[in-house]
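Good morning, and thank you for coming. I would like to take you through one protein structure, beginning with its aromatic rings and then moving outward to the chain as a whole. Please keep the model in view as I speak.

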Amino acid sequence: MKSVVKTSKNSNVDAAISEATSGISTAYGIIFMSDYSRLEEFSAKLREKYPNTDIIGTAGTVYHGNTIGDSNLLIVTAITGDAVLSAGILDGISRTPLKHLYRLSDSVKAVNPEPDNTVCIEFCTSNEEVLVSSLNVVLDPKGIGLAGGTVFGAPEGKPSLVSYNGKTYEDACVYMVIKNKSGKAYVIRENIYDKGDGPDHTATKVNLSKKELIELDNRPAADVYMEETGVSRNELVDNVMKAPFGRVINDEIYISSMNGVTPSGSITNYKRINQNDSLYILKLLDYREINRDTRDEIKGLIARPSLIFSVNCIYRYLLFQDEGYLDEFLRDMSGVAPFVGYIGGGEQYNRQHVNQTMVCAVFA
């Protein structure tokens, strides 16, 4: 697949678009990411410049190579050759996530996917667990991998937004199904946590609508967490980067990040925990070693990748910042292939919505 990734830090919208699209005369598809305040302008003007191109985008903290930020930054990823793709929007996902699923089905038919060469990239605003299940009604039977992100970083009081073909939307998912005609395409994830030696727990009481874990092993969830980790109730949420919850499915761990504690001892989370889920309180591993393994995994799948499009959780971003590892991480990943992506409030990986994870779509 042929692609071009360009960045502009220009504060003028027209100048930023000119810089970030320089040399891109035509494109099969464009994925753009920008600061929140200019998302609508970028969306409209990119559509005006490329009226026959499928374009999806969102806003927040974004990165390309060693450049990362959430202000005065536009990143354009253009698919320019050796690919066939189709994009679309599923709107009203908090109310009727299946209503427009036929659009995704039409997109899949349009690209005619083949084994190990087709992936779906998406940005969504909410209702991730239901959304992922809905998307996989179409994607899973065709063997299409999913890599996506939940929009994060809207200013307080402002809605999360995604963009499709010149317009911005709330309560929606935008997607792009991409078939690599000249090589393989894969979806992978990086998890820097493990269950360690801690006991397994059972979620014995939950509130799904509030993503609230009320009881673990028939005890207040906060009491169990504090007892095992040795942190106080006031420290519990801040301990998320060292010891989040992990749901175990077929020996694989899918992370759920806590974000609050109620007076009664319930813990609220970014990922829904279901009744009777098997959970561990995880521990942070050697993330440098794990990232080396990730880079080796990518090169084992595709010797010379042409593009890595990724979503990194906000908690990974904050952890790497605090540990002084962020620049090294971006530099090392960019050494494998052009590395571009988004800092999300959650990640979608194949059949699961997860937290504190990196998901990547990797193209030959």
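The structure holds eleven aromatic pairs. I should say at once that this is a predicted model.

Let me begin with one of those pairs, Tyr 225 and Phe 245. Their rings are arranged edge-to-face, with 5.7 Å from centre to centre and 70° between the planes. Tyr 225 belongs to helix α5, which covers residues 221–229, while Phe 245 belongs to strand β18, residues 245–249, so the pair ties together parts that are 20 residues apart in sequence. Are these two residues buried or exposed? Tyr 225 is buried, with a relative accessible area of 0%, and Phe 245 is buried with a value of 0% as well.

A further pair is formed by Tyr 287 and Phe 320. This one is tilted, with the centres 5.5 Å apart and an angle of 50° between the planes. It links distant parts of the chain, since Tyr 287 sits in helix α6 (residues 287–301) and Phe 320 in helix α7 (residues 314–322), 33 residues apart. Tyr 287 counts as buried at 9% relative accessibility, and Phe 320 is buried at 1%. Both residues also take part in a cluster, in which ring pairs link Tyr 63, Tyr 287, Phe 320, Tyr 325, Phe 329 and Phe 339.

I turn now to the nonpolar cores. In soluble globular proteins, nonpolar side chains tend to be buried together. How many residues does the largest nonpolar core have here? It has 52, and those with the most contacts inside it are Leu 213, Tyr 225 and Ile 308. Tyr 225 we have already met in its pair with Phe 245. Leaving aside residues up to four places away in sequence, Leu 213 touches ten positions that include Ala 203, Val 206, Ala 221, Phe 245, Ile 267 and Leu 279. A second core, separate from that one, has 37 residues, among them Met 1, Ile 79, Ile 121 and Val 354.

Next, strand β13, which runs over residues 185–190 and contains Arg 189. Is Arg 189 buried or exposed? Its relative accessibility is 18%, and because buried means under 20%, Arg 189 counts as buried. Its side chain reaches the backbone oxygen of Ile 253 at a distance of 2.7 Å. Beyond its neighbours up to four places away in sequence, Arg 189 touches Glu 252, Ile 253, Tyr 254, Tyr 349, Thr 357, Met 358 and Val 359.

Tyr 186 is also placed in strand β13, and it is buried with a relative accessible area of 18%. Tyr 186 and Asp 116 are 70 residues apart in sequence, yet their C-alpha atoms are 6.3 Å apart in space. Asp 116 is one of the residues that Tyr 186 touches, and others include Val 119, Leu 301, Ile 302 and Cys 360.

Close to Asp 116 in numbering, we come to Thr 118, in strand β8, residues 118–124. Thr 118 is buried, at 3% relative accessible area. A polar contact of 2.7 Å joins its side chain to that of Asn 117. Outside the four places on either side in sequence, the contacts of Thr 118 include Val 111, Gly 143, Val 177, Lys 179 and Ala 185.

For contrast, please look at Lys 167 in strand β11, residues 167–169. Lys 167 is exposed, with a relative accessible area of 55%. Not counting residues up to four places away, Lys 167 touches Ser 43 and Val 162. Its C-alpha atom is separated by 35 Å from that of Asn 274, which lies 107 residues away along the chain.

Finally, the protein as a whole. There are eight helices and 28 strands. The radius of gyration is 20 Å, close to the 21 Å that the globule rule gives for 364 residues, so the protein is as compact as a globular protein of that length. The C-alpha trace spans about 60 × 45 × 40 Å along its principal axes. Of the 364 residues, 57% are buried. Among contacts with a separation of 6 or more, 80% are between residues 24 or more positions apart. The accessible surface comes to about 14700 Å², and carbon and sulfur atoms account for 43% of it.

Thank you for your attention.

Technical notes. Residues are numbered from 1 along each chain as its sequence is written. Side-chain values use heavy atoms; hydrogens and water are left out. A nonpolar core is a set of buried Ala, Val, Leu, Ile, Met, Phe, Trp, Tyr and Cys residues joined through side-chain atoms within 4.5 Å. Buried means under 20% relative accessible area, exposed over 50%, partly exposed in between (1.4 Å probe, protein chains only). Contact means heavy atoms within 4.5 Å. Helices (H or I, at least four residues) and strands (E, at least two) are DSSP runs, numbered from the N terminus. A polar contact is a pair of N or O atoms within 3.5 Å; within protein, one must be able to donate a hydrogen and the other to accept it, and residues adjacent in sequence count only if both atoms are side-chain atoms. The radius of gyration is taken over C-alpha atoms; the globule rule is 2.2 Å times the number of residues to the power 0.38. Accessible areas come from the Shrake-Rupley method with a 1.4 Å probe; for residues, only the protein chains shown count as cover. Rings of Phe, Tyr and Trp (its six-membered ring) pair if their centres lie within 6.5 Å; planes under 30 degrees apart count as stacked, over 60 as edge-to-face and the rest as tilted.
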